[in-house]
Amino acid sequence: MAVSASKLPPGPKGYPLLGNMLGYARDPLGFLTRCSREYGDVVRLRFPGTLAYLFTHPDHVEQVLVKNNRNFIKDKYTRTELSVLGNGLLINEGHSWRRQRRLAQPAFHRRRVEAYGETMVGFAERLLEGWQDGEIRDVHREMMRLTLEIVAKTLLDADIAREAEGVGEALGEIMNYFSDEGSGSFLRMLPESVPIPAKLRYRRAVRRLDRIIYSIIDERRRSGADTGDLLSMLLHAEDEDGNRMDPKQLRDEVMTVVLAGHETTAIALSWTFYLLGENPDIEAKLTAELEEVLDRRAPSVRDLPRLRYADAVIKESMRLYPPAWAIGREALGECEIGGYHVPTKTQMFISQHVTHRDPRFFDDPDAFDPSRWHDGRTEDLPAYAYFPFGGGPRLCIGTNFARMEAVLLLATVAREFQLEPVTGDPPVPQPSITLRPRGGIRMKLSKRRAARHREPVERSER
Ligand code: HEM
């Protein structure tokens, strides 16, 4: 790309030495939103020893993710925060990334993904067997468990129910460590050798996840079975020289799909149930569609084309609370974007959270309004005004998987239970690697009268 611009974009000055660190660490979502509204589409941010830009205009997002993608790699913060994923698909680059992506892709083809539908609904129904009318549960925790079981079964043919608690705790520890608010950002800047308790807890959490992932891989290796799932594809793949994937790379790929493949969808569903609970008119419209399309039976993949409102509910929920709330890149070479000079090694921020709520593209941007996706209001949106799954060559490999899973699980749960928030305080988003609801979302479960009768099931572990 020709570079003619020499000017740098405007941005907040911040404090001596720390730059914008404090403002960002205190409230990342609010800080980035304010920067974009105050300084424009390209904002210069100052972090210690680092030049960083925030891009929020859809055309610039497209330039970074798609049109000029070869000039960018994952940014240095992503590489650190996702180090638990090693060199798996999310972090890998270049020739090695292309090879690994080609290897994994067949497990995510539309046909293949459709075959997972029955398993997804089956696990959701099993979860509901343990839910009682009038009970209060943390829906985020429930969804994390459910989507973890689903990703493990569909892609690795593993039954992970017994480990769900351990994975949940370890992941919580990792997310807290990388939560950008509070003192986390500062503590992480200390040298590796300084043994602060948070760092020790983080390392323990990674070791705990490692044990679970290696035991899934070892079990499959021992059985020698080729079940045709993603794990088999990875285990049996050979490179041009006939070599198998080394154990560490295999661990990194499995860890990546397990973590990337359940946390995000669980978050999308958690925020969706909260938003529905706060908006009874929208919830009633969804229920009416479920009754009409499903007529009291469980949903299946064949119903998806008719579950249009359910699809819009998920889409709108991910507009307001994008589970992946920001994407980062680093410039390999200098370039020009939006009339500004981007020097080599600039750290680039793109934030779904900021762009998805831009009033230039979405009217009444903070309102939860699924109808906007059907009534023509979003027809002329620029391509990258809405991008919960990213875009370009690094587009989320699980896009079809996640979209289908989210609608099927929403339909399965919402046709049987109504969920109401139990406190008046809205849950607070925790902008870590993902956008979890801090402390979960406690909701009261009310069984719908029209729902199919179930025998009460005694489940002490829930
Ligand atoms: C609502 C659910 C999901 C959301 C919002 C989401 C979001 C994203 C985003 C934004 C990226 C691109 C990151 C970047 O460009 O830096 C990504 C990449 C990725 N996602 Fe997802 N994801 C979801 C579900 C899933 C699922 C279900 C899986 C697997 C089963 C998955 C596996 C991955 C992998 C492996 C990558 C890296 C792909 C590559 O770089 O080749 N994700 N995801």
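Tutor: Two strands pair if DSSP finds at least two bridges between them. The model discussed here is predicted.

Student: In which sense do strand 5 and strand 8 pair?

Tutor: Strand 5 covers residues 327-331, and strand 8 covers residues 347-350. DSSP must find at least two bridges for a pair, and these strands are joined over 4 bridges. Isoleucine 327 stands opposite isoleucine 350, and glutamate 330 stands opposite glutamine 347. The sense of the pairing between strand 5 and strand 8 is antiparallel.

Student: In which sense do strand 2 and strand 8 pair?

Tutor: Strand 2 spans residues 50-55 and is joined to strand 8 over 4 bridges. Within this pair, leucine 54 is the residue opposite phenylalanine 349. The sense in which strand 2 and strand 8 run is parallel.

Student: Which residue stands opposite lysine 74 in strand 5?

Tutor: Strand 3, made of residues 72-74, is linked to strand 5 by 3 bridges, and the two run antiparallel. Lysine 74 belongs to that strand 3 range. Its partner across the pairing in strand 5 is arginine 329.

Student: How many residues of strand 5 are buried?

Tutor: A residue counts as buried under 20% relative accessible area. Ile327, Arg329 and Ala331 point one way from strand 5, while Gly328 and Glu330 point the other way, and all of them are buried. The strand is therefore largely enclosed by the rest of the structure, the count of buried residues being 5 of the 5.

Student: Which residues of strand 8 point the other way from Gln347 and Phe349?

Tutor: The side chains of strand 8 are divided between two directions, and all of its residues 347-350 are buried. Gln347 and Phe349 share one direction. The residues that point the other way are Met348 and Ile350.

Student: Turning to the ligand, which residues come nearest, of the 28 around it?

Tutor: Lysine 74 has a polar side-chain atom 2.8 Å from an oxygen atom of the ligand. Tryptophan 97 likewise places a polar side-chain atom 2.8 Å from a ligand oxygen atom. The complete group of residues that come nearest is Lys74, Trp97, Arg101, Arg394 and Cys396.

Student: How far is a nitrogen atom of the ligand from a polar backbone atom of alanine 260?

Tutor: This polar pair involves the backbone of alanine 260 and a nitrogen atom of the ligand. The elements that give two or more residues to the shell include helix 13 (247-260), helix 14 (263-278) and strand 5 (327-331). The separation between the ligand nitrogen and the backbone atom of alanine 260 is 3.5 Å.

Student: By class, how many nonpolar residues does the shell around the ligand have?

Tutor: The shell holds 28 residues. Of the classes, 7 residues are polar and 4 are charged. The number in the nonpolar class is 17.

Student: Is histidine 262 buried or exposed?

Tutor: Histidine 262 is placed in the loop between helix 13 and helix 14. Apart from neighbours within four places in sequence, its contacts include Met144, Leu148, Val167 and Val257. Its relative accessible area is 2%, and the cut-off for burial is under 20%. Histidine 262 is therefore classed as buried.

Student: How far apart in space are leucine 286 and alanine 414, C-alpha to C-alpha?

Tutor: Leucine 286 lies in helix 15, residues 280-294, and is buried at a relative accessible area of 1%. Beyond its neighbours within four places in sequence, it is in contact with residues including Tyr309, Leu410 and Ala414. Although leucine 286 and alanine 414 are 128 residues apart in sequence, their C-alpha separation is 8.3 Å.

Student: What is the phi of aspartate 364 near?

Tutor: Aspartate 364 is located in the loop between helix 17 (352-356) and helix 18. This residue is exposed, with a relative accessible area of 54%. Its phi is positive although the residue is other than glycine, with a value near 45°.

Student: For the protein chain of 462 residues, what is the radius of gyration?

Tutor: The chain comes to 18 helices and 12 strands, and 55% of its residues count as buried. Its C-alpha atoms fill a box of roughly 70 × 55 × 40 Å along the principal axes. A compact globule with this number of residues would have a radius of gyration near 23 Å, which agrees with the value for the chain, 22 Å.

Note on methods. Residues numbered from 1 in each chain as written. Predicted model: local features only at pLDDT ≥ 70, side-chain atom pairs only at ≥ 80, totals over all residues. Heavy atoms only, no water. Near = heavy atom within 4 Å. Polar contact = N/O pair within 3.5 Å; in protein donor to acceptor, adjacent residues only side chain to side chain. Nonpolar A, V, L, I, M, F, W, Y, C, P; charged D, E, K, R; others polar. Buried < 20%, exposed > 50% of the residue type's maximum accessible area, 1.4 Å probe, protein only. Rg over C-alpha atoms; globule rule 2.2 N^0.38 Å. Contact = heavy atoms within 4.5 Å.
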